[in-house]
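Visitor: Hi! Could you walk me through this one?
Guide: Happy to. Here it is.

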Number of protein chains: 2
Amino acid sequence: MTRALTRKGEATRARIVAGAAAEIRERGVDEVRLDDVMAHTGTSKGQLFHYFPDGKEGLLLAVAQHEADQVLIDQEPLLSNLTSWPAWQAWRDRLIERYLEQGVKCPLNGLLGQTGRRAPGAQAIVTGLMWRWQQAITEGIRHMQSTGDIAPDVDADRAAAALLAGIQGGVLLLLTTGRTDHLEAALDLTLDSLRAGARMSDTHEGHGND
Amino acid sequence: MTRALTRKGEATRARIVAGAAAEIRERGVDEVRLDDVMAHTGTSKGQLFHYFPDGKEGLLLAVAQHEADQVLIDQEPLLSNLTSWPAWQAWRDRLIERYLEQGVKCPLNGLLGQTGRRAPGAQAIVTGLMWRWQQAITEGIRHMQSTGDIAPDVDADRAAAALLAGIQGGVLLLLTTGRTDHLEAALDLTLDSLRAGARMSDTHEGHGND
DNA sequence: CAGGTTTTGGACTTGCAGGTCCATTTTTGC
DNA sequence: GCAAAAATGGACCTGCAAGTCCAAAACCTG
């Protein structure tokens, strides 16, 4: 299947995916035609179906995977190094900044649009993204527990799940309202409560980094 | 415009909206054809365009409004009476129960599918829904502050925003993962932190309702 | 440089789904 | 009961966008 694929071929394929992704972020999944992708990437129908034998379906799946990966990449290296309160804060700031500048042109926009339909494929990709995301957060919490910055009796998985939910909801509301209020509130209040938990059960000193 | 509209006419119109809404919940916005709606509601093309001169666009908008209203109605009378911790708990339980039984067939599914595209109309409807929703939560928090169950220094609007974000994200994750974990975690942890806030700054007595 | 393979271009086909139209039936108001 | 208005049924039209096909060009590989 994916056997022969010249250097040039791979480049073209990548160009198509990236171009389609951009187009979709810009105008929404169901507003993008194959012709748009062709125009925007300087390719022909022949090429589209050459690299994506399953047609639009396959292309959209590739785009979804591309975007899902990008979402996490955009948060690195911060997301993988949540080892101090300033680090958490920096990650929080990065998230807000990123989504604010993206505005409505959010990768999620394209991903979610596919959630319902195209069940098996797109859904699996989104699920995978969420799982990896939550996993990273969980690890961050666990690390903070190991340093005593978060109370040991906090259920890391549960807290990570709540935080992730807050983020997703915040982004969703950013998408509909255009404001980052919800995202900020969800992030800040959830992080505050994690910090508060430490103070209550672990009082050996003050971790003054606010 | 909306002048003449017989009893029978209104019934038909309502039947179309309800049927289309059901169909959309079931199979997703972009899988539903006008023919499906006709079949499912026992109507003809003539009727569809008679009651929705703007065609599918108008119908979808009507469906969106219908679903948005339904989302809040489903939470009543609990949502408008968040006046004690048990009341909050009951509301929380209702939310989880509702969404669990709905599973993927969530009204939001249809609403969100339209968010990106059809910008002005659908977006306004979703925004309106979110605003009303958050407003109700804010009022609940304010009431709890008036009875001393929540610390007065809590920013009710901000807390409501965070809670709403958690809910939306939780539902979104329920839609993709099929599990209510995120929704539960978001609700419980946020409510816990509201409760905790009261205990810390308002210690005149124990509000033992947990 | 010759033969096979991959890449590219673009004309053509096709099915479908939204939308139009009008003829017929039913309801309403007097 | 009788016009006028509203409700209904369904045949028909139409445009668009996905997908097909093949021929030509570029490219490896020995």
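Visitor: Let's start with B:Thr41. Is that residue buried or exposed?
Guide: B:Thr41 is buried, with a relative accessible area of 7%. Keep in mind that this is a predicted model.

Visitor: Which element does B:Thr41 lie in?
Guide: Helix 2 of chain B, which covers residues 34-41.

Visitor: And what does B:Thr41 touch, not counting residues up to four places away in sequence?
Guide: With those left out, B:Thr41 touches B:Arg15, B:Ile16, B:Gly19 and B:Ala20.

Visitor: Now the two protein chains. How can chain B be laid on chain A?
Guide: A turn of 180° with a shift of 0.1 Å along the axis does it, and the RMSD is 0.0 Å. The two copies are therefore related as by a two-fold rotation axis.

Visitor: Which surface serves the copies?
Guide: The same surface serves both: 100% of the contact residues of chain B recur in chain A.

Visitor: On to the DNA. Which residues are closest to strand C?
Guide: DNA strand C is surrounded by 20 residues, and the closest are A:Ser44, A:Gln47, A:His50, A:Tyr51 and B:Lys56. Of the atoms of DNA strand C that come within 4 Å of the protein, sugar and phosphate account for 69%.

Visitor: Which polar atoms are found by the phosphate oxygens of DNA strand C?
Guide: A polar backbone atom of A:Thr6 is 3.0 Å from a phosphate oxygen of that strand. In A:Thr12, an N or O atom of the side chain is 3.1 Å from a phosphate oxygen.

Visitor: What about a base nitrogen of DNA strand C?
Guide: Look at A:Ser44, where a polar side-chain atom lies 3.1 Å from a base nitrogen of DNA strand C. As for elements, helix 1 (7-27) and helix 3 of chain A, together with helix 3 of chain B, each give two or more residues to the surface near this strand.

Visitor: Which of them gives the most to the surface near DNA strand C?
Guide: Helix 3 of chain A, with five residues. By class, the surface near DNA strand C has five nonpolar, nine polar and six charged residues.

Visitor: Does a record say anything about chain A? I mean, which residues does UniProt list as "DNA-binding region"?
Guide: Residues 33-52 of chain A, according to an unreviewed UniProt entry. In the model, the chain is 75% helix and 0% strand over residues 33-52 of chain A, and the end C-alpha atoms are 15 Å apart.

Visitor: Switching to DNA strand D, which residues come nearest?
Guide: B:Ala4, B:Ser44, B:Gln47, B:His50 and B:Tyr51 come nearest, out of 20 residues around DNA strand D. Within 4 Å of the protein, 73% of the atoms of DNA strand D belong to sugar or phosphate, and the rest to bases.

Visitor: What are the polar distances there?
Guide: A polar side-chain atom of B:Tyr51 lies 2.8 Å from a phosphate oxygen of DNA strand D. From chain A, the side chain of A:Lys45 has an N or O atom 3.2 Å from a base oxygen of DNA strand D. A:Lys8 has a side-chain N or O atom 3.5 Å from a sugar or linking oxygen of DNA strand D.

Visitor: And which elements supply at least two residues of the surface near DNA strand D?
Guide: Helix 3 (45-51) of chain A, plus helix 1 (7-27) and helix 3 (45-51) of chain B. Helix 3 of chain B gives the most, with five residues. The surface near DNA strand D divides into five nonpolar, nine polar and six charged residues.

Note on methods: Residues are numbered from 1 along each chain as its sequence is written. Chains are lettered from A and ligands numbered from 1 in the order in which they are written. This is a predicted model: local features need pLDDT of at least 70, side-chain atom pairs count only at pLDDT 80 or more; totals for chains, interfaces and linings use all residues. Side-chain values use heavy atoms; hydrogens and water are left out. A residue is near a molecule or strand if one of its heavy atoms lies within 4 Å of it. A polar contact is a pair of N or O atoms within 3.5 Å; within protein, one must be able to donate a hydrogen and the other to accept it, and residues adjacent in sequence count only if both atoms are side-chain atoms. Helices (H or I, at least four residues) and strands (E, at least two) are DSSP runs, numbered from the N terminus. Ala, Val, Leu, Ile, Met, Phe, Trp, Tyr, Cys and Pro count as nonpolar, Asp, Glu, Lys and Arg as charged, and the others, Gly among them, as polar. Copies are superposed by least squares on the C-alpha atoms of residues with pLDDT of at least 70 in both. Contact means heavy atoms within 4.5 Å. UniProt positions are given in the numbering used here, feature names are shortened, and annotations may be inferred rather than shown by experiment. Buried means under 20% relative accessible area, exposed over 50%, partly exposed in between (1.4 Å probe, protein chains only).
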